[in-house]
Amino acid sequence: MAEVSLPLFKWLKGHIPTRETIDQYRLLRPFAPHLRHPSLWRLNRRSVPRGVAIGLFVAVIIPVMHTFVAAILAIPARANVAVAALLTLVVNPLTIPIMYVAAYRIGSWELHHDATLVNPAAAARFSSELSRMLFWIHQASGPIALGVLTIAASAALIGYLGSTITWRLWSGSRWRQRRRTKR
């Protein structure tokens, strides 16, 4: 497992900004004291799971500019900024329709919302296609909002636990490998 993921770690380490590059950018200089914390840039057992959780949560909740928002939220949480920004790419134009259909179904199940229209006569009053579509969006907005929140919280929790367990297994295998080479 460690051999397969090693090129990814090398690539990440080569592309993660350092403390020196922060001082080189004029726009980042006022924020440099906050951006110098080592957990924001190093891959360690605490900052990576935080970055995973923030990245997945923000990616699902915020459909646009989620990379920027995740990077900003990673700073006060002392999460890895690069990991948080990278994991927002899970949500993209190919996965958004699937996610919103799943969110509607999950939200409808949580709210015990019947899929049939509450008042079919009210929908018949709307003559144009746009007004009819807006009526349907209004009917589905509650289940979709609750479903998106549920998916975001679940993805963040599963991502946090999964990355923590993966980090623990990876570091354990590295320790076992070191012990074998010392003998």
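The exercises below work through the helices, burial and surface patches of one predicted protein model.

Residues are numbered from 1 along each chain as its sequence is written. Local features need pLDDT of at least 70 and side-chain atom pairs count only at pLDDT 80 or more, while totals for chains, interfaces and linings use all residues; side-chain values use heavy atoms, with hydrogens and water left out.

**Exercise 1. Overall make-up**

Task: State how many helices and strands the protein chain has.

Solution: The protein chain has nine helices and zero strands. Helices (H or I, at least four residues) and strands (E, at least two) are DSSP runs, numbered from the N terminus. Of the 183 residues, 31% count as buried. Buried means under 20% relative accessible area, exposed over 50%, and partly exposed in between (1.4 Å probe, protein chains only).

**Exercise 2. Helix α4**

Task: Compare the expected span of helix α4 with the distance between its end C-alpha atoms, then decide whether α4 is largely enclosed or largely open.

Solution: The expected span of a helix is 1.5 Å times one less than its number of residues. Helix α4 (residues 47-61) has 15 residues, so it should span 21 Å. Its end C-alpha atoms are 21 Å apart, which agrees. Next, 12 of the 15 residues of α4 are buried, so the helix is largely enclosed by the rest of the structure. Among the buried residues are V48, V52, I54 and L56.

**Exercise 3. Two buried residues and their partners**

Task: Place A85 and I151, and give for each a C-alpha distance to a residue elsewhere in the chain.

Solution: A85 lies in helix α6 (residues 81-87). With a relative accessible area of 18%, A85 is buried. Its C-alpha is 7.1 Å from that of F68, 17 residues away in sequence. I151 belongs to helix α9. I151 also counts as buried, at 18% relative accessibility. The C-alpha atoms of I151 and G107 are separated by 9.6 Å, with their positions 44 residues apart along the chain.

**Exercise 4. Surface patches**

Task: Which residues form the nonpolar patch, and which form the positive one?

Solution: Patches are made of residues with over 30% relative accessible area and no salt bridge (a side-chain nitrogen of Lys or Arg within 4 Å of a carboxyl oxygen of Asp or Glu). Like charges are joined within 9 Å, and nonpolar side chains (Val, Leu, Ile, Met, Phe, Trp, Tyr) within 5 Å. Accessible areas come from the Shrake-Rupley method with a 1.4 Å probe. The nonpolar patch consists of L157, Y160, L161, I165 and L169, with about 500 Å² of accessible area together. L161, in helix α9, is partly exposed at 45% relative accessibility. R176, R179, R180 and R183 form the positive patch; Lys and Arg count as positive, and the charge of Arg is placed at CZ. R183 is in the segment after α9 (129-182) and counts as exposed at 82% relative accessibility.
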